[in-house]
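Let's walk through how two chains meet in this model. Please have the sequence and structure open as you read.

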Number of protein chains: 2
Amino acid sequence: MLGKTYEAMAKVCSAARALEVVGERWSLLIIRDALYADATRFSDFRRLGIATNILKARLDGFVEAGIMERRPSPGKPESFHYVLTDKGRDLAPVIATLTEWGDRWEAPDGPPLLYVHSTCGGAVRQQTACENCGPVPDPEEIQTHPGPGLPADAVL
Amino acid sequence: MLGKTYEAMAKVCSAARALEVVGERWSLLIIRDALYADATRFSDFRRLGIATNILKARLDGFVEAGIMERRPSPGKPESFHYVLTDKGRDLAPVIATLTEWGDRWEAPDGPPLLYVHSTCGGAVRQQTACENCGPVPDPEEIQTHPGPGLPADAVL
């Protein structure tokens, strides 16, 4: 369903393509738990409070999309671990930008969790940077240009 | 509905709080069009191919959440413009990280759109940076600590 309805947008927009893979309810929270709460087993992800049929659908979808691998548990071949692939781990910046936005705008008592650099204890932030100039704090300074993957018949 | 089911997670996780506001279907694509396609009128957002009742519910929700302001159109008091607030514009990094992930993993022909710095033409990227050390390319170097907004009864 999701694929069909985002189809026109996905031709011209990688954000739409990403949302086709991880835009459904619970998807990004499942990935967050895999990244930061060491969740790998079906039962680990149940802590989210998600219905089992939906959780199963999400995990199966992640395996199909190459975001997770399903591996038999050692000594228990009938049970499985769900392990993020490089493609799945690469969603960490998406989780981070959502977290920072929530910290700034939906956390009147301050951030519930702080993200720090393990080697020095410094606060870790997402920033927008130009390859030439460094940090670009003003989104108004960003433009879009057609890229190599833009279909010839795309309507912008 | 969304608020209820994410409630337990939202206590400890700003990403869950953000998804309560912008995690529903179409939300981030509507905001993307407001940011980058100059969409402000109800009819502008229709280009997404979204059903009118869902679009109305999303825009009303954004106004209620303080992400957009509803302003009467000049000379047409019965019609409205939907304009992003600072809180809404601040979602640009979320769109950017989704776009970059889609470019890396779901764009076999290359990115459909390139994001460039308007003043120098350089490629613009999201990066994770430590306030002390600068860029932190390895997510394994990031730890979470309890923050000031963590409820005393929170279960991590």
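## A strand pair across the chains

Strand β6 (residues 142-146) of chain A pairs with β3(B) in the antiparallel sense, over five bridges. Pairing here requires at least two DSSP bridges between the strands, and the elements themselves are DSSP runs numbered from the N terminus: helices are H or I over at least four residues, strands E over at least two. Within this pair, Thr144(A) sits opposite Tyr115(B) of β3(B).

A word on the source: this is a predicted model, in which local features need pLDDT of at least 70 and side-chain atom pairs count only at pLDDT 80 or more, while totals for chains, interfaces and linings use all residues. Residues are numbered from 1 along each chain as its sequence is written, and chains are lettered from A and ligands numbered from 1 in the order in which they are written.

## The whole contact

Chain A and chain B each bring 74 residues to the contact, where two residues touch if their C-beta atoms, placed from the backbone, lie within 7 Å. On the side of chain B that touches chain A, the elements supplying at least two residues each include α1 (2-12), α7 (92-105), β3 (113-117) and β6 (142-146). The most comes from α7(B), with 13 residues.

By class, that side of chain B holds 41 nonpolar, 21 polar and 12 charged residues. Here Ala, Val, Leu, Ile, Met, Phe, Trp, Tyr, Cys and Pro count as nonpolar, Asp, Glu, Lys and Arg as charged, and the others, Gly among them, as polar.

## Symmetry

How does chain B map onto chain A? A rotation of 180° with 0.0 Å of shift along its axis superposes chain B on chain A, at an RMSD of 0.0 Å; the fit is by least squares on C-alpha atoms of residues with pLDDT of at least 70 in both copies. The two copies are thus related as by a two-fold rotation axis. In chain B, Gln127(B) has the C-alpha nearest the axis, 2.7 Å from it. The same surface serves both copies, since 99% of the contact residues of chain B recur in chain A.

## A helix pair across the chains

Helix α2 (residues 14-22) of chain A packs against α3(B) at about 170°, their axes 10 Å apart. Axes are lines fitted to C-alpha atoms, for helices over the stretch in contact, and angles run from 0 to 180 degrees between N-to-C directions. α2(A) and α3(B) are therefore roughly antiparallel, a label for angles over 145 degrees.

Ala15(A), Ala16(A) and Leu19(A) of α2(A) make this contact with Leu28(B), Leu29(B) and Arg32(B) of α3(B).

Note on methods. Parallel < 35°, antiparallel > 145°, perpendicular 65-115°, else oblique.
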